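User: I'd like to learn how to read a few features in a model like this one. Can we go through them one at a time?

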Amino acid sequence: MQFSRRSFLAGMAAAATATAVPTKAKAARRYSGDISPDSYATLIDLTKCDGCPGKDMAACVSACRTANVHKFPEPDPAMLKPYWPQNFYDDWSDRRDVHDRLTPYNWLFVQHIAVTENGHTEVVHVPRRCMHCDNPPCAKLCPFGVKHKHPEGMVTIDPFLCFGGSKCKSVCPWHIPQRQAGVGIYTHLDPLPAGGGVMFKCDLCKDRLDRGEQPACIPACPKDAMTFGARSEIDALAEKLAQEYSGYIYGQAENGGTSTVYVSRVSFEKMQQALMAEAKDPRQVTQLHRPTNMLDRTSGWAGMTLTAPVIGAVGAFAGAMAAGRKPDAKQQKPPATGTTPSQGESTHE
């Protein structure tokens, strides 16, 4: 299918007009923030996680990568270049084996934090992935409307309509989503000078859940440090363990509540202090802190939530236009070019 910028812009306007006012039912179902007691949640017991000593890669990380490899991006080398308004692009395709941080090819990693208290040092191992917030700012503030909070609890990204604008990373308190250039809808719109790729993160193994299976990381843990189940059961178990350990809970209140809950004997405040004390660049650290949900702010963010369905229609129209253009069945490995911002650095269009 051949199309020009003029036909794209004309279709964009028509699509936006048709969907500018979404129904209240659809908006409430997706973004209400009302979490069912039966929705999914994960408990990660940091007193049990030992980081899988002696292994090059923690079992949960390995299982995640194996289960999701079919979702990993395969960039078009010709599209690995800066697109307006950015003067760089994110390319991890030649560093797919990196597993000690979040990347478009690694959606879970184990953070090792040495906490010293009363002269005693204890290393805490923290599996880090998307927190799957109860009321996720990434979903509401995505200008293309491609982030979705599902009734089951998970937050997902539609890779077929994402333009890689990275707003989701900017508004996420933990900067979880990671961008890969050379893939996504914008590659079908060339030479339209816009787009940055696609954002990638943990989707709670939604395809496995749809088949009645648990997320891959859960059964893979040799220490049974991860428990998966109904939100009400996970919250009750977290309270019980915190009382037994005289410990702490992270996730029930942070960012308005999340579907990923941690329990630890060591306080998360001290973990955060240890992370910052060791960090050469705080922007490169996936932090533990007390985040503020941007949806609670009364600035221009509220207006963005109204524009998301409209701009999302742009992506929908672009998807329809690009459906007739099939990418090459085989793609060469792209050259090791481009620049990649530091972990946690704000990189948005």
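Analyst: Sure, and let's begin with a loop: Leu204 sits between strand S7 (198-200) and helix H6 (206-210). Keep in mind that this is a predicted model.

User: What is the sign of phi at Leu204, and about how big is the angle?

Analyst: The general idea comes first: most residues other than glycine have a negative phi. Leu204 has a positive phi of about 65° although it is not a glycine. Its side of the story on exposure is that Leu204 counts as buried, at 4% relative accessibility.

User: Where does His132 lie, and what is its phi?

Analyst: His132 is in the loop between S3 and helix H4 (137-141). His132 isn't a glycine either, yet phi is positive there, about 50°. As for cover, His132 has a relative accessible area of 0%, so it is buried.

User: Let's zoom out. How many helices and strands does the protein chain have, and what share of its residues is buried?

Analyst: You'll find 10 helices and 10 strands in the protein chain. Of its 349 residues, buried ones make up 51%. The chain exposes about 16400 Å², with carbon and sulfur atoms supplying 54% of that. For the contact map, look at pairs with a separation of 6 or more: residues 24 or more positions apart account for 71% of those contacts.

User: How do I read the burial pattern of a helix? Which residues of H9 are buried?

Analyst: List the buried residues, then see where they point. In H9 they are Phe268, Met271, Gln272, Ala274 and Leu275. They cover an arc of only 160° around the axis, so they are on the same side of H9. The packing partners of these buried residues are strand S2 (109-117), strand S3 (120-128), strand S9 (248-250) and S10.

User: What comes just ahead of H9, in the loop after S10?

Analyst: Ser267 is placed there, in the loop between strand S10 (260-264) and helix H9 (268-278). A polar atom of the Ser267 side chain lies 3.1 Å from the backbone nitrogen of Lys270. Is Ser267 buried or exposed? With a relative accessible area of 10%, it is buried.

User: How many residues of H3 are buried, and what do they pack against?

Analyst: In helix H3 (residues 59-68), 7 of the 10 residues are buried, so the helix is largely enclosed by the rest of the structure. The buried set is Ala59, Cys60, Val61, Ala63, Cys64, Arg65 and Asn68. They pack against S2, helix H7 (217-220) and strand S8 (226-230).

User: Now aromatic rings. What describes a pair of them, and how many pairs are there here?

Analyst: A pair is described by the distance of the ring centres and the angle of the planes. The structure holds 5 aromatic pairs. Take Tyr40 and Phe228: the centres are 5.0 Å apart and the planes at 25°, so the pair is stacked. Tyr40 lies in strand S1 (residues 40-45) and Phe228 in strand S8, so this pair ties together parts that are 188 residues apart in sequence. Tyr40 is partly exposed, at a relative accessible area of 27%, whereas Phe228 counts as buried at 13%.

User: What about the rings of Tyr250 and Phe268: how far apart are their centres, and at what angle are their planes?

Analyst: The centres are 5.1 Å apart and the planes are at 40°, so that pair is tilted. Tyr250 is in strand S9 and Phe268 in helix H9, 18 residues apart, and the pair links distant parts of the chain. Both Tyr250 and Phe268 are buried.

User: Which residues do ring pairs link into a cluster, and what lies over the face of Trp92?

Analyst: The cluster is made of Phe72, Tyr105 and Trp107, linked by ring pairs. Over the face of Trp92 you'll find Arg95, at 4.0 Å from the ring centre.

User: One last residue: which residues is Glu239 in contact with, leaving aside its neighbours within four places in sequence?

Analyst: Those contacts are Ile249 and Gln252. Glu239 is in helix H8 (residues 231-245) and is partly exposed, with a relative accessible area of 43%. Along the chain, Glu239 and Ile249 are 10 residues apart, and their C-alpha atoms are separated by 7.7 Å.

Conventions:
Residues are numbered from 1 along each chain as its sequence is written. This is a predicted model: local features need pLDDT of at least 70, side-chain atom pairs count only at pLDDT 80 or more; totals for chains, interfaces and linings use all residues. Side-chain values use heavy atoms; hydrogens and water are left out. Helices (H or I, at least four residues) and strands (E, at least two) are DSSP runs, numbered from the N terminus. Buried means under 20% relative accessible area, exposed over 50%, partly exposed in between (1.4 Å probe, protein chains only). A polar contact is a pair of N or O atoms within 3.5 Å; within protein, one must be able to donate a hydrogen and the other to accept it, and residues adjacent in sequence count only if both atoms are side-chain atoms. Contact means heavy atoms within 4.5 Å. Accessible areas come from the Shrake-Rupley method with a 1.4 Å probe; for residues, only the protein chains shown count as cover. The arc is that of the directions from the helix axis to the C-beta atoms. Rings of Phe, Tyr and Trp (its six-membered ring) pair if their centres lie within 6.5 Å; planes under 30 degrees apart count as stacked, over 60 as edge-to-face and the rest as tilted. A charge sits over a ring if NZ of Lys or CZ of Arg is within 6 Å of the ring centre and within 35 degrees of the ring normal.
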